[in-house]
2 protein chains.
Amino acid sequence: MRIEIYSDVACPWCYIGDRRFERALSAFPHADEVEVVYRPYQLDPGAPTESVPLPRYLEGRFGAGAAAKMSQVVEAAASEGLTFRFEDALAVNTGDAHRLSRLAAQEHGPEVQRSLMQALFAAHFAEGKDLGDRATLAALAEGVAMDGKRVLGYLTTDEGRAEVQAEIEAARRLGIEAVPTFVFDGRYGVSGAQATSVFLQALEQVWKETVGAGAGSIGSDAGDAGCADGSCVS
Amino acid sequence: MRIEIYSDVACPWCYIGDRRFERALSAFPHADEVEVVYRPYQLDPGAPTESVPLPRYLEGRFGAGAAAKMSQVVEAAASEGLTFRFEDALAVNTGDAHRLSRLAAQEHGPEVQRSLMQALFAAHFAEGKDLGDRATLAALAEGVAMDGKRVLGYLTTDEGRAEVQAEIEAARRLGIEAVPTFVFDGRYGVSGAQATSVFLQALEQVWKETVGAGAGSIGSDAGDAGCADGSCVS
């Protein structure tokens, strides 16, 4: 089974949704047969390439007090064990971060891409790091066992930029206008940072349809010996 | 939050449901604030106190071929990573096993009771052990750090028997006629070995009602700065 997660590293609900999805996957008995692929999206393709304080950026974009209004997000993050520090965060164009994510998937596979995305989220939302700074990105890449020098070399070229752009345009053609969006086996979409149980239900449902019976629900009434439909009666 | 699990150690869906519930709990971010208590139930209070091969017992109770009809249960168990060996299992009265479970909860608390219940399920369904044999029960109790001698002494008396019986009668008065049944905070019942996502949804829902907002769902539309209802838009 393949799950594609469309997200932007600057999107707070994407980080929360990623954590909830991860919890769902940890409860899914067939997790080792699930491949997770991150797809790029940009909330603000015109964001500056030089970072600015996030509160100032948000107020410029959404009006006075915008940063202070993020309390629902902060609370939801805390409930998942994530610490958001909006006041310390830096807004910047996420194009290079997405190029790096693409490189991670291409050269190291989905597991490394996933670790990198989680490191990027944490760097942006919890650690006040500048995801527009290439040395910072290279250091984060080294943290997931990528070659920092190779990453720095890649980022200073335009390699991957057109491909990331093409993927974002493909997402828009698929009708994706908000993130996170989770696509299960190319067939089902789950939009938004839904509750963990919703992700788990989608995993169970798609697994059942793909692999067949016995895969999660209480099954048919084929049981006997006092036990049917997931219960035993006395 | 308190979850009461009504089950019988001789009930295959109880073992499967227990594993699914455990998976749900592992995905729940507030698991450390959940107390799990096992309540007794007996599918066959008149089961023999001397064990007999389970296939023979099932055919005596439910007719020829009853054991072979358990394939749905075996398949569901396998999908959860559990191995059922019905052909090697021994049917026996579960009264002593329930008395032991009660002792575990009383003297060591819910964590030990839970480990014991899982050991009892595995012993019965996977290992062909005789849960009517007191030395076997004492050995299983030692495996979860209980005092085997103390357990053996307890089991040879009638201690706890009336209390287990009273709990089973209370369950029937609550309307419980099939197991497993999961009762969430004394308010919601989930009947049967439902899918893991169903248990997780119940945990999220009861948590939200008990503790308040931000507890699992995508929340209200109070967000701002392009981010509301669990999504961010560009």
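Trainee: How many ångströms should the 15 residues of helix α1 (residues 12-26) of chain A span, and how far apart are its end C-alpha atoms?

Mentor: In this predicted model, a helix can be checked against its expected span, and at 1.5 Å a residue the 15 residues of α1 of chain A should cover 21 Å, which agrees with the 22 Å between its end C-alpha atoms.

Trainee: Is α1(A) largely enclosed by the rest of the structure or left open?

Mentor: Burial is judged from neighbour counts, a residue being buried if 20 or more other C-beta atoms lie within 10 Å of its own. Twelve of the 15 residues of α1(A) are buried, so the helix is largely enclosed by the rest of the structure; among the buried ones are Trp13(A), Cys14(A), Tyr15(A), Ile16(A) and Phe21(A), but also Asp18(A), Arg19(A), Arg20(A) and Arg23(A).

Trainee: Is Glu87(B) buried or exposed?

Mentor: Glu87(B), in the loop between α3 (71-79) and β4 (90-91) of chain B, has 11 C-beta neighbours inside 10 Å and therefore counts as exposed. Its C-alpha is 6.2 Å in space from that of Pro55(B), although the two residues are 32 apart in sequence.

Trainee: How are the two copies related?

Mentor: In general, two copies of a chain are related by a rotation about an axis and a shift along it. Here a turn of 180 degrees with a shift of 0.0 Å along the axis lays chain A on chain B with an RMSD of 0.1 Å, and the copies are thus related as by a two-fold rotation axis. Within chain A, Ser197(A) has the C-alpha nearest that axis, at 2.4 Å, and 100% of the contact residues of chain A recur in chain B, the same surface serving both copies.

Trainee: Which elements give two or more residues to the side of chain A that touches chain B?

Mentor: The contact takes 56 residues from each of chain A and chain B, and on the side of chain A the elements giving two or more are α1, α2 (54-62), α3 (71-79), β5 (178-179), α9 (196-211) and β9. By class, that side has 26 nonpolar, 21 polar and nine charged residues.

Trainee: In what order do the three strands of the open sheet lie?

Mentor: The order is β8(A)-β9(A)-β5(B), with antiparallel pairing, and the edge strands, β8 (227-228) of chain A and β5 (178-179) of chain B, each pair on one side only. Strand β9 (residues 231-233) of chain A joins β5(B) over two bridges: Val233(A) has Ala178(B) as its bridge partner, while Cys232(A) stands opposite Val179(B). Helix α1 (residues 12-26) of chain B lies across these three strands, running at about 150 degrees to β9(A).

Definitions and conventions. Residues numbered from 1 in each chain as written. Chains lettered and ligands numbered in written order. Predicted model: local features only at pLDDT ≥ 70, side-chain atom pairs only at ≥ 80, totals over all residues. Pairing = 2+ DSSP bridges. Helix = DSSP H or I, 4+ residues; strand = E, 2+ residues; numbered from the N terminus. Contact = placed C-beta atoms within 7 Å. Axes fitted to C-alpha atoms, helices over the stretch in contact; angles between N-to-C directions. Least-squares fit on C-alpha atoms with pLDDT ≥ 70 in both. Expected span 1.5 Å × (residues − 1). Nonpolar A, V, L, I, M, F, W, Y, C, P; charged D, E, K, R; others polar.
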